[in-house]
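Student: I would like to learn how to read the features of a structure. Where do we start?

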Amino acid sequence: MQRPPVTRIPSNPSLEGLAEMIPDVIYSSATGQDLTLTLLAPWRNRACEAAPPKRPLIVFVQGSGFTRPWIYPEIPQLARYAQHGYVVAAVTHRSCLEGHPFPAYLQDVKTAIRFLRRHAEEYGIDANRVGIWGTSSGGNAALLAGLTQGDPAYGTEEHAGYSDEVKCVVDCFGPADMTVLYESAKAARNERLLDLLYGLMGGKENPAILKAMSPLHRIEKGRKYPPFLLLQGEADELVPFGQTLQMYETLLDAGCRAEMIVVESGPHGGAFWSPDVHRRILDFFNRHL
């Protein structure tokens, strides 16, 4: 009986197409608690690498109802972006239910961006190519980060001198108008959602805060913004589909660059996700980073 030949394939000294994870990197301690991020990056062969190539950065904010994000279920999905050459930073932030009203979560996300720019050399990041992506409450944070970059109202002293600028924004089913969400929660007597909203408002009704944390109300005609990609499922049971559509149309009316993808019959997460959704998000980052 003839034996099959031994197959020979080349080695991969550049580790192309592979990823590594650096967990629990502390980016802030000034708030009284350690705030962390987890890095996913192209796997580096440090033994033979003279200088690491500079990679574009995706800052990812996991949806959490504005409480502290639990990032780990998304790590397998985010790894594919690292395998395609991106550094991905999955960021945690303070919880609105632990005495941290708005703008705490937005300040934390911006602090993380500045931290990553400060340590760009260490992590092989191209500080000039930074994008942000968020889901649900994280999508709200991503939209606000794109609309308020450089705004001193949301800056902190940590990593001062480094920019919080992003070159593009991806929002997956993030609430765009918190004022409407609040009125709907009151009408439906949705106690869980009301608890979160009161936590964001500092314990009492404050329409000014709801408006400030509503990306739809932060768009200014004539101002320069990064390009946006908005995605939502048309069967979303938590964030009204019309909010994303209105956000998209308002961005275009203001002269902004915006794209929208509708996931047919897509819910809030879960079956919303597919390889095609990830391909389209990756394509957007490839075009803008």
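Tutor: With a definition: a cavity is a set of grid points where a 1.4 Å probe fits but cannot get out, and a lining residue has an atom within 4 Å of such a point. Keep in mind that this is a predicted model.

Student: How many cavities of 30 Å³ or more does the count give?

Tutor: The count gives one. About 60 Å³ of space lies in the largest cavity.

Student: Which residues line the largest cavity?

Tutor: Its lining consists of A41, P42, R44, P52, P53, R55, V87, Y123 and G124. Sorted by class, that lining has six nonpolar residues, one polar and two charged.

Student: And how do I read a pocket?

Tutor: A pocket, unlike a cavity, is an open set of points. Here the largest pocket has a volume of about 500 Å³, and 27 residues line it.

Student: Which of the lining residues lie nearest the centre of the largest pocket?

Tutor: S136, R192, L193, L238 and H268 lie nearest its centre. Helices also enter the picture: α5 (178-188) and α6 (191-201) each supply at least two lining residues. By class, the lining of the largest pocket divides into 15 nonpolar, 10 polar and two charged residues.

Student: What is the volume of the second largest pocket, and which residues line it?

Tutor: The volume of the second largest pocket is about 160 Å³. Its lining is made up of Q149, E165, V166, K167, K224, Y225, P226, P227, R257 and H288. Of these, four are nonpolar, two polar and four charged.

Student: Let us turn to strands. How many bridges join β7 to β8?

Tutor: In a regular strand, side chains alternate between the two faces of the sheet. Strand β7 (residues 228-233) runs parallel to strand β8 (residues 258-263), and six bridges join them. One residue to look at is G233, whose bridge partner in β8 is V263.

Student: Which helix joins β7 and β8 in a β-α-β unit, and is the unit right-handed or left-handed?

Tutor: The helix is α8 (residues 241-253), and the unit that it makes with β7 and β8 is right-handed.

Student: How do I describe a pair of aromatic rings?

Tutor: A pair of aromatic rings is described by the distance of the centres and the angle of the planes. The count for this model is 14 aromatic pairs. One of them is F102 with Y105, a tilted pair with 5.7 Å centre to centre and 55° between the planes.

Student: Are F102 and Y105 buried or exposed?

Tutor: Buried means under 20% relative accessible area. F102 has 8%, so it is buried. Y105 is at 2% relative accessibility, so it counts as buried.

Student: Why does the pair of W133 and F285 count as tilted?

Tutor: The ring planes stand at 55°, so the pair is tilted, with the centres 6.3 Å apart. W133 lies in strand β5 (residues 125-135) and F285 in helix α9 (residues 275-288), so the pair ties together parts that are 152 residues apart in sequence. Both W133 and F285 are buried.

Student: Which residues do ring pairs link into a cluster?

Tutor: The cluster linked by ring pairs holds F60, Y81, Y86, W133, F173, F272, W273, F284 and F285.

Student: Is Q77 buried, partly exposed or exposed?

Tutor: Q77, in helix α1 (residues 75-83), has 27% relative accessibility, so it counts as partly exposed. The C-alpha atoms of Q77 and D126 are separated by 22 Å, with their positions 49 residues apart along the chain.

Note on methods: Residues numbered from 1 in each chain as written. Predicted model: local features only at pLDDT ≥ 70, side-chain atom pairs only at ≥ 80, totals over all residues. Heavy atoms only, no water. 1 Å grid on protein atoms, 1.4 Å probe; cavity = no way out; pocket = protein on both sides within 12 Å on 5 of 7 lines; lining within 4 Å. Points joined across faces, edges and corners; volume = space filled by probe spheres on them. Nonpolar A, V, L, I, M, F, W, Y, C, P; charged D, E, K, R; others polar. Pairing = 2+ DSSP bridges. Helix = DSSP H or I, 4+ residues; strand = E, 2+ residues; numbered from the N terminus. Right-handed = clockwise from strand over helix to strand, strands pointing away. Phe/Tyr/Trp six-rings, centres within 6.5 Å; stacked < 30°, edge-to-face > 60°. Buried < 20%, exposed > 50% of the residue type's maximum accessible area, 1.4 Å probe, protein only.
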